[in-house]
Amino acid sequence: SLLTFAPHRAVTLQVGQGRQFYGHGYRSILWSDAAFVYPFAKASFEFWNGKIRYSTMYAELRTLERLPKGEVPESLFQPKSASVHYLSIIPHPNLEIGIFESTIWNRFDSSGTHPPLALAAAPILGLHSAIEGLDAKNNSMLGLNLRFSPGKKIKLYAQLAIDQWPTRRIGWQAGVQL
């Protein structure tokens, strides 16, 4: 289910439950749609006739670890939140360069479940990584997405993901989509 509101041709606001995908190709190492559905709120903006696109998303996620048993017979899964920001620059119709940031906010510890941090709602690319770092309890990841189309039916793409910089957790992929 999805509710979309577009007050202007360059602004789209969405609230719903589903999956998101950032990148190109069959699967993305940045943020893939191979996951459970989750509730989210997303805002997308376009500038200069779509040559610059910016989107920011806030999502409520669950881990596969259960909360301690309470008064109900089956305990719930531990909550996490996600903030995702993506800036796409299209200097030429055949070339796209994207900058990605995601932060998974840990909302459970030994003292229990915590509400989301107000910082998680800040829609500024790079802010969460600058404040939290790439190896903190609230895990941030940075990424780069490239797409080049040498012809009408061929798309070359590449992605680079950087997570936990001091331990060199870096991933990349490249491919061709026909």
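The following exercises, each with a worked solution, examine salt bridges, the nonpolar core, aromatic pairs and the largest pocket.

The model is predicted, so that local features need pLDDT of at least 70 and side-chain atom pairs count only at pLDDT 80 or more, while totals for chains, interfaces and linings use all residues. Residues are numbered from 1 along each chain as its sequence is written, and side-chain values use heavy atoms, with hydrogens and water left out.

**Exercise 1. Determine how many salt bridges the structure holds, and state whether the partners Arg147 and Glu96 are buried or exposed.**

Step 1. A salt bridge is defined as a side-chain nitrogen of Lys or Arg within 4 Å of a carboxyl oxygen of Asp or Glu. The structure holds 3 of them.

Step 2. Asp33 and Arg27 are joined by one, at 2.9 Å from N to O. In Glu46 and Arg53, the closest N and O atoms are 3.7 Å apart.

Step 3. Accessibility is classed by relative accessible area: buried is under 20%, exposed is over 50%, and partly exposed lies in between (1.4 Å probe, protein chains only). Asp33, at 30%, is partly exposed, as is Arg27 at 33%. Glu46 is partly exposed at 36%, and Arg53 is partly exposed at 37%.

Step 4. Between Arg147 and Glu96 the closest N and O atoms are 3.4 Å apart. This pair links distant parts of the chain, with Arg147 in strand S9 (residues 139-148) and Glu96 in strand S6 (residues 95-106), 51 residues apart. Strands (E, at least two residues) are DSSP runs numbered from the N terminus. Arg147 is buried, with a relative accessible area of 11%, and Glu96 is buried at 8%.

**Exercise 2. Identify which residues touch the most other members of the largest nonpolar core, and describe the contacts of Tyr38.**

Step 1. A nonpolar core is a set of buried Ala, Val, Leu, Ile, Met, Phe, Trp, Tyr and Cys residues joined through side-chain atoms within 4.5 Å. The largest has 14 residues, of which Tyr22, Trp31, Tyr38, Met57, Ala59 and Phe100 touch the most other members.

Step 2. Strands S3 (38-47), S4 (52-66) and S5 (77-92) are the elements that give two or more residues to this core.

Step 3. Tyr38 is buried, with a relative accessible area of 5%. Contact means heavy atoms within 4.5 Å. Beyond its neighbours within four places in sequence, Tyr38 has contacts including Gly16, Arg19, Trp31, Met57, Ala59 and Leu61.

**Exercise 3. State how many aromatic pairs the structure holds, and classify the pair of Tyr38 and Phe40.**

Step 1. Rings of Phe, Tyr and Trp (its six-membered ring) pair if their centres lie within 6.5 Å; planes under 30 degrees apart are stacked, over 60 edge-to-face, and the rest tilted. The structure holds 6 aromatic pairs.

Step 2. Tyr38 and Phe40 are edge-to-face, at 6.4 Å centre to centre and 65° between the planes. Phe40 is buried, with a relative accessible area of 6%.

Step 3. Phe47 and Trp48 form a tilted pair, at 6.3 Å and 55°. Phe47 is partly exposed at 41%, whereas Trp48 is exposed at 65%.

Step 4. Ring pairs also link Tyr22, Tyr86 and Phe100 into a cluster.

**Exercise 4. Find which element gives the most to the lining of the largest pocket.**

Step 1. On a 1 Å grid over the protein atoms alone, a pocket is an open set of points where a 1.4 Å probe fits, with protein on both sides within 12 Å along at least five of seven lines; lining residues have an atom within 4 Å of a point.

Step 2. The lining of the largest pocket comprises 14 residues, and Ala35, Phe36, Leu61, Arg62 and Thr63 lie nearest its centre.

Step 3. S4 and S5 each give two or more residues to this lining. S4 gives the most, with 5 residues.

Technical notes
Helices (H or I, at least four residues) and strands (E, at least two) are DSSP runs, numbered from the N terminus.
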